Every structure is written in structure tokens, then in C-alpha cells.
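Please walk through this model at the level of its secondary structure and contacts. Start from the strands, then move to the helices, the domains and the partner chain.

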Amino acid sequence: MDTRWLDVLAEFDWAAFGIGSLTAILLAFVATGAVPILATAYQFLAIPFHAVKNHYGKAAPYLPRVAVVVPAWNEGLVIGASIERLMGLEYPRECLRIYVVDDASTDDTPQVVREKAELYPGSVVHLRRAKGGEGKAHTLNHGIREILKDDWMQALLIMDADVIYMPSSLRRMTAHLADKKVGAVTAYIREGSHDKNYLTRFIGMEYVLSQVAARRAQNVLGALACLAGGAQLHSRENLITIGGQIDTSSLAEDTITTFKTQLAGNRVVFEPHAVVHAEEPQLINSLWKQRLRWARGNVQVTSKYRRIWFRPSRKHGLGDFSFGIFWFSIFLLPVAMVLSSVGLIGLLLLQSDLAAVVFRATWIIAACTYVYTIALAVQLDGPTGWRSAREAVLFPGVVSIIVMVTAFFPGLLERDLPHLLGVPVSDTGDLIWTIFVYAWISVAMLGAWLAKVVESTRFGRVLTPLLVYLVGYGPVLCAVTVDSYIKEFRHAEAKWDKTEKTGRVH
Amino acid sequence: MGQDRKNGAGALMSHDNMGRVFLQREITQNRRRELLLIPKALLALGVVAGLVVIRQVFFL
């Protein structure tokens, strides 16, 4: 019997093999944290290409007969102003009809809408559901069924009761429907409340990043993730192609409509110069409720369309590699953040020199991406960028900025600054600081959750904004995503929690 | 320019040929405004490049 292989096995350095394998796994963990950063960089680098690769070449003067469907449940405070602004659109009056679908409101919504219907006969129509509370999609479908009963409507605008359309917005959107390959067009929803606080300024900046910036990139790359729920314009043909109704099976009916449109081979266009103002939450708890609904909707969409991811198609761009990476970079961002921290701390515990190298590399890429995206975004919407300058700079949070500075300018914070202040740094202190910065990306989500918890206490007024500035706005959204995983995993009741609107938008 | 825009917008309310001219001009303007994305992106990249230079000169 040949026993040489036993000798080989006996001489093999299993310890080194184990440590090597573990190191490789931990490096892979850290790499997952870099994927969302690289995806963001790629997306934002695509934005300038919108200068030459856009849909304006195929757009043309086109003023179809537009039916506007407005779902309304207890919108008495805002619906009157919304109708007035719609009637003030720079659009041929004879080509515009507003259908307010009153979802069995219990406030003065019916009276307000009836008054407007009398004021604008034939232009404002009041529809009332006998039984309400089934959610926005059911309410929209009630209106769409009425609208499709005759051939008048050539295009359907779906909006929210509280949003305010700028006078030129609708015609800027309809111009793209002149191209029959375009099934739907969406606009830029800008945070428009007149009494802004720290949170609405953060949201304003988020909308610049996620809409004016990212959706331009999606125009370039050929697939749009979502038609804004408050501003989606469909051609009649597209509406019929996607079934003549809005999906009622999930909390993300706008995303499903967007996917259905593109899967049918119709193009979806984002029009950055069509601006719509919306009122956004001033409290973290309200934001949490709204975003939890969106995030749970995205979990449902990810599962519903599991067969399209990373499967390129000639018909649509949803299966493209780049679109899949963008989608999952957001959907799995909390997972990537935690894995990255685990990888870094694991490498540190293994006393691997690679820990410092990959930490520095990841955070240098993060710092460059952060500076580029913010510097570009504030130029894309000057007024919002100016008003939200502090929130733009502090978008990732004060602590994350310190971590970026640590990585980008080696020695500045851990050596030069303590030396300048005359504070000696011990080895233990250095180790604690290292563990802290490696773990921070995950700890930030706990800080965001804490900001939500303390908001309802008597210290919340001061502590919550302070915590959000410290941990950053991004981690707040990540914490909501984690909450959505938990709620979906537990099959928690998925009900339509309407975000309360009080008419703060102008 | 503002008055011009107002007249054009008024004309399109009546859905006539002047409205078409106005709308076409607006589309062309939007298209031209998109060209500004290139210098804006270059400026943003310039800020990043500035930070990289500071790092290379003073911290390495």
C-alpha cells in the first residue's frame, strides 16, 4: 500500500491553510461593502453622458388629452390647492380633466372637491368610493375604470393629492409621449414644504441624489427603477398594455407599474425639467413609516421579479448587469455594511496586515465617491443644494466623515492631531479607535434606530437631529431597510399607512 | 425672455401653431441645458482631484 499521500497530508500546514482560507472569506466580506460604493460611483459617472444620450431628440410638441387621477383620503387640507394648481397648468384647458377619487373620506374632502367641480365644470370630476381604506392602488383603479369607459383620455397622469405641479411640468412630460416607443414619463419630485426643518432638508438632498442625479443615469443606461408615485404619465396604449389597472398585490404599485411597462417593451423616461413639489415628513417616525412601506414594497418587487435579475433581454434593460447591481446595492446595502464590518474586524483579530490596507482602500473609494456625488448633486438643483448645504455635506454623517478623513489622510487624526493637542495615544487607545472605525458602518444603523426611539421622548427635539447629523441620513434609510426585512420575514400585516399631509407645500 | 415665454405659454393654451413653435423651442432649450452636465461633472471631479493632490503632497 502506497502511504506517501498520508505523509503529504501529515506534512501539510493545515493551520496556514485555515488562516489563508479564512482571510480570503473575510476579504470577500469587505469587498461586498465596496460594491454599493462602486455602483454609486459608476451611476454618477454616467450622469454627464445624459448631455448627449437623452430622449430630447425624439421628443416633440405633443399635447394629448390628459386625464389626471388623484387618489384622496381625508385630503381636505391640501386637495383644493392641488386642483387649483392643476387648473393653472400651462396646458390647453380643453385637453385636461381632473378625476379626484375620494376614498370614502371622513373630512371635508368631498365638499372641497364638489366646490371645485362646480367652479370648473367638465374639467374637475368628483368620484367617490362607497367603501374606502383598501389603499392607494384600489383607489386609483376606481378612477382608471371610469376614465377608460370612453375614448377621451389619450394619456393618464397619476399623482398624489398633496403634490403641486409647476406650470410647465405637464407639457414637458407629454413631449416625450410623441415618441410612440415611450410608454410612461416621470418628473422630478422636489421637497417643497415652506417650513423646512433638518429632516425635510435631508429629504430634499436625498431626492436630488436619487432623482435628478440617479434617474438621469438610468435614462442613459436604459432602465428606470421607479416612476415617482406622485408624477407618472402613461400613454393610453401603455396603460392598456399593462392591464388597464394598477397592481394591488404589493405596497410598491408604482415600481410594479414601472417594471410592467418596461417588460412590455415600452420605454420609460425621466424628465428632469418637469418639477413637482411634494410635502415630506418632518419627523423621523413619520419618515420611518413612509419608507418602511416603500422598503417592504421593494422586498416584494425583488421577489416578484426574481426571474429577470441579471438576465439581459433585447426587450428591456431591467435584466442588465448594471441595473441589477444598482438595485441590489440598495436592497442589500445593510447586509453589505454588516459583512464589511465583520470582514474588517475578523482580519484585525487574525492580526492580518490586510485589515488596514483594505479598510483604507474601501474608505478612500467611499470618500472620493461621496465628494464627487455631493459636488455634482448640489449643482443639479442649485436652490435645493443651497438650502440644504449643511445636509449635503453631512449626508453620510459627522462620524463617517471623520472615518473617511482617517482613511484619506493617514496619520492626521490618529497621530498628528493628538500630537498637536499634546494628548498621548496608547496602544490600547489606538486599538479601540481601530475597532470603532471598522465597526462604524454597522453601528451607524443602530444610531439611526436610536434617533427614532428618542424622538418621542422629551429629549427628542434636540437629541434626534443631533443623532441624525452624527450617524448620517443614509444609515437611517438602511435601518428602515433592515426593519423591512424583519417585517417581511415575519409576514407582518402589510397595510397602506398613508403619510399625513398638512398643506405645507407651495 | 420672460414675456416671450408668457406669450408662448398663452399661445399653447389655445393649441395653435405658435404654441408648437414655443414647445419645440422649450424642448431644444432643455436639450441644451443638459450639455451643462459635462462641465458640472468635470468640476465635481476637479474637487476630488484636488483632495487627492493634497493627500499625495502632504500625507504620503
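## Strand pairing and the sheet

Strand S5 of chain A and strand S8 (residues 267-278) of chain A pair in the antiparallel sense, over two bridges. A:Ile164 has A:His277 as its bridge partner in S8(A). The model is predicted.

These strands belong to a wider sheet. Eight strands of chain A form an open sheet with mixed pairing. Their order is S3-S2-S1-S4-S7-S6-S8-S5. Which strands are the edge strands? They are strand S3 (124-128) and strand S5 (164-165) of chain A, each of which pairs on one side only. Strands of a sheet pair through backbone hydrogen bonds, either parallel or antiparallel.

Helices also pack on the sheet. H4(A) lies across S1, S2 and S3 of chain A. The angle between H4(A) and S3(A) is about 150 degrees. H7(A) packs on the sheet as well, touching strand S6 (182-191) and S8 of chain A. The direction of H7(A) makes about 155 degrees with that of S6(A).

## Loops beside the strands

Two loop residues of chain A have a positive phi although neither is a glycine: A:Asn74 and A:Ala104. The table sets them side by side.

| Residue | Phi | Loop (chain A) | C-beta neighbours within 10 Å |
|---|---|---|---|
| A:Asn74 | about 50 degrees | between strand S1 (66-72) and helix H3 (79-87) | 20, buried |
| A:Ala104 | about 55 degrees | between strand S2 (96-102) and helix H4 (109-119) | 16, partly exposed |

The burial classes follow from the counts. A:Asn74 is buried because it has 20 other C-beta atoms within 10 Å, and the class starts at 20. A:Ala104 has 16 such neighbours, so it counts as partly exposed.

A third loop residue is A:Asn197, found between S6 and H7 of chain A. Is A:Asn197 buried or exposed? A:Asn197 is exposed, because 12 other C-beta atoms lie within 10 Å, and exposed residues have 12 or fewer. A:Asn197 and A:Val275 are 78 residues apart in sequence. In space they are 21 Å apart, C-alpha to C-alpha.

## H2 against H7

H7(A) has a helix partner too. Helix H2 (residues 14-46) of chain A and helix H7 (residues 198-221) of chain A pack at an angle of about 75 degrees. Their axes are 8 Å apart. The angle therefore makes H2(A) roughly perpendicular to H7(A).

From H2(A), the contact uses A:Gln43, A:Phe44 and A:Ala46. From H7(A) come A:Ala213, A:Ala214, A:Ala217, A:Val220 and A:Leu221. Seven of the contact residues are nonpolar, one is polar and none is charged.

## Two domains in chain A

Chain A is divided into domain 1 (66-316) and domain 2 (324-489). Their centres, taken over C-alpha atoms, are separated by 33 Å. The two domains do touch: 26 residues of domain 1 of chain A are in contact with 32 residues of domain 2 of chain A. On the domain 1 side, H7 and helix H10 (284-304) of chain A are the elements that give two or more residues. That side divides into 16 nonpolar, four polar and six charged residues.

## Chain B and its contact with chain A

Chain B has three helices and zero strands. Along the sequence, its pattern is α-α-α. Of its 60 residues, 17% are buried.

How many residues of chain A are in contact with chain B? The contact joins 26 residues of chain A to 24 residues of chain B. Helix H6 (169-177) and helix H13 (354-380) of chain A each supply at least two residues to the chain A side. H13(A) gives the largest share, six residues. The chain A side holds 18 nonpolar, five polar and three charged residues.

Helix H16 (residues 398-408) of chain A brings both chains into view. Buried residues in H16(A) are A:Val399, A:Ser400, A:Val403, A:Met404, A:Thr406 and A:Phe408. In chain A, the buried residues of H16(A) pack against H13, helix H17 (412-421), helix H18 (427-455) and helix H19 (460-471). In chain B, they pack against helix H3 (37-58).

Definitions and conventions:
Residues numbered from 1 in each chain as written. Chains lettered and ligands numbered in written order. Predicted model: local features only at pLDDT ≥ 70, side-chain atom pairs only at ≥ 80, totals over all residues. Contact = placed C-beta atoms within 7 Å. Helix = DSSP H or I, 4+ residues; strand = E, 2+ residues; numbered from the N terminus. Nonpolar A, V, L, I, M, F, W, Y, C, P; charged D, E, K, R; others polar. Axes fitted to C-alpha atoms, helices over the stretch in contact; angles between N-to-C directions. Parallel < 35°, antiparallel > 145°, perpendicular 65-115°, else oblique. Pairing = 2+ DSSP bridges. Domains from an automatic or database assignment.
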